[in-house]
Amino acid sequence: MDSITIDGVQLFLSNPTTLEMDWIGQPDVMEQLLAAWATIHEADLPMCPRILGQPGSGKTTLAYAAAKKINKEVYIFQCTADTRPEDLIITPVLGSKQEIRYHASSLVTAMIKGAICILDEGNRMPEKSWASLAPLLDKRRYVESILAGIQVKAHPDFRVCVTMNQDASVFEIPDYIGSRLQPKITVTYPSRENEIAILKYNIPFAQKEIIEYVVDFLQKAHKADAAYSIRDGVNITRFMLKLAAKEDHPMTSDEMKSYFKLATTKVLDEDALDVLDGTKKRKKISFPGEINKQLFKIDDLIDKLDHGPFDGDDDDDEDNTGVADARGQPARKKKK
Ligand SMILES: Nc1ncnc2c1ncn2[C@@H]1O[C@H](COP(=O)(O)OP(=O)(O)O)[C@@H](O)[C@H]1O
Ligand SMILES: [Mg+2]
């Protein structure tokens, strides 16, 4: 295991992530990401963009492919609701001789090596973890490890970006962090042509007709604002092919339709099939504004509980998108 000594403290480094991932279509978001990372003058600093989009829309793929495009090593840090500040920076581990060894996170390893770090699904992380990153994300470009008692400065070539899902199961990031995570790069639904190319790339052994059938479904879903993603499309196609593998002939058109139905019900749900004839939409993903509306309702309820008898007939029977985080606590309120 690689190690490096900083201010007398030996740090053991993490390993980079190597994946086969290319970015297909949508060159504009790739351009924006690379532009944000570029420095155009010796007095210039790279930016720390956030990549937004629905789950399965290609955020992690975009970040990874962009890093590969500029021939950089990539370190992915998977953020969760349980990520503690020290997990992001340096964690002490007991060695075989009962000694304390300090392990640099993938983020800190990328900082030291001048590589790229993707903070994946950053808004699953609570505020106190974000706080430890504030100096890294502005012109100071360092982090402090309280546990190891050292400061780690980022290599000039170090770059970072954060991917964020726009769904209800996340924290709102605090404003002082949000202002450092700029620009916002949004991954949207691909065109039919690009979506076919993406599915082909992911499942090169699938028949053209099957891919086109699944993409037609996805495109209808996008138009209906049903939150089905490319990942769903990849999963449906894969499962269709696995189910049909027992047949001793290429899939017929009728078999394709019935395997599609079965795979879609299993990967998504019964309602998803309604997208095909345009009769029903999947419940839309809730965006921060909607979370806010729900939160004010909760504030209201708490207020009632605090200040007198609660009559209990609050109209909460409409589209009940979750406002709880992964641990069942409400998401934090977003400031304007
Ligand atoms: N433009 C694209 N080029 C190549 N693959 C893509 C593209 N967009 C999405 N995908 C595929 O879609 C799936 C989900 O992408 P991922 O990056 O994991 O989504 P997210 O991080 O937004 O949840 C992956 O299988 C990925 O390969
Ligand atoms: Mg992702």
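Helix α9 packs its buried residues against four partners: α8 (192-202), α10 (230-244), α11 (253-267) and α12 (274-277). The model is predicted. The buried set in α9 consists of Ile210, Ile211, Val214, Val215, Phe217, Leu218, Gln219, Ala221 and His222.

How does the length of α9 compare with what its residue count suggests? The helix covers residues 208-223, which is 16 residues. At 1.5 Å a residue it should span 22 Å, and its end C-alpha atoms are 22 Å apart, so the two values agree. After the helix comes Asp225, whose phi is positive, near 65 degrees.

Now the contact with α10. The axes of α9 and α10 come within 10 Å. They cross at roughly 145 degrees. The crossing is right-handed. From α9, the residues that meet α10 are Ile210, Val214, Phe217 and Leu218. Their counterparts in α10 are Ile230, Gly233, Ile236, Thr237, Met240 and Leu241. By class, this contact has eight nonpolar and two polar residues, and no charged ones. Ile210, Val214, Phe217 and Leu218 are also listed among the buried residues of α9.

A word on confidence. The protein averages a pLDDT of 86, and 82% of the residues score at least 70. Two stretches stay under 50, as tabulated here.

| Stretch | pLDDT | Contacts beyond four places in sequence |
|---|---|---|
| Residues 286-297 | under 50 | 31 contacts |
| Residues 308-336 | under 50 | 61 contacts |

Where pLDDT is low, predicted coordinates should not be read in detail.

Terms used
Residues numbered from 1 in each chain as written. Chains lettered and ligands numbered in written order. Predicted model: local features only at pLDDT ≥ 70, side-chain atom pairs only at ≥ 80, totals over all residues. Heavy atoms only, no water. Helix = DSSP H or I, 4+ residues; strand = E, 2+ residues; numbered from the N terminus. Expected span 1.5 Å × (residues − 1). Buried < 20%, exposed > 50% of the residue type's maximum accessible area, 1.4 Å probe, protein only. Contact = heavy atoms within 4.5 Å. Axes fitted to C-alpha atoms, helices over the stretch in contact; angles between N-to-C directions. Left-handed = near helix turned anticlockwise from the far one by under 90°. Nonpolar A, V, L, I, M, F, W, Y, C, P; charged D, E, K, R; others polar. pLDDT = per-residue confidence, 0-100.
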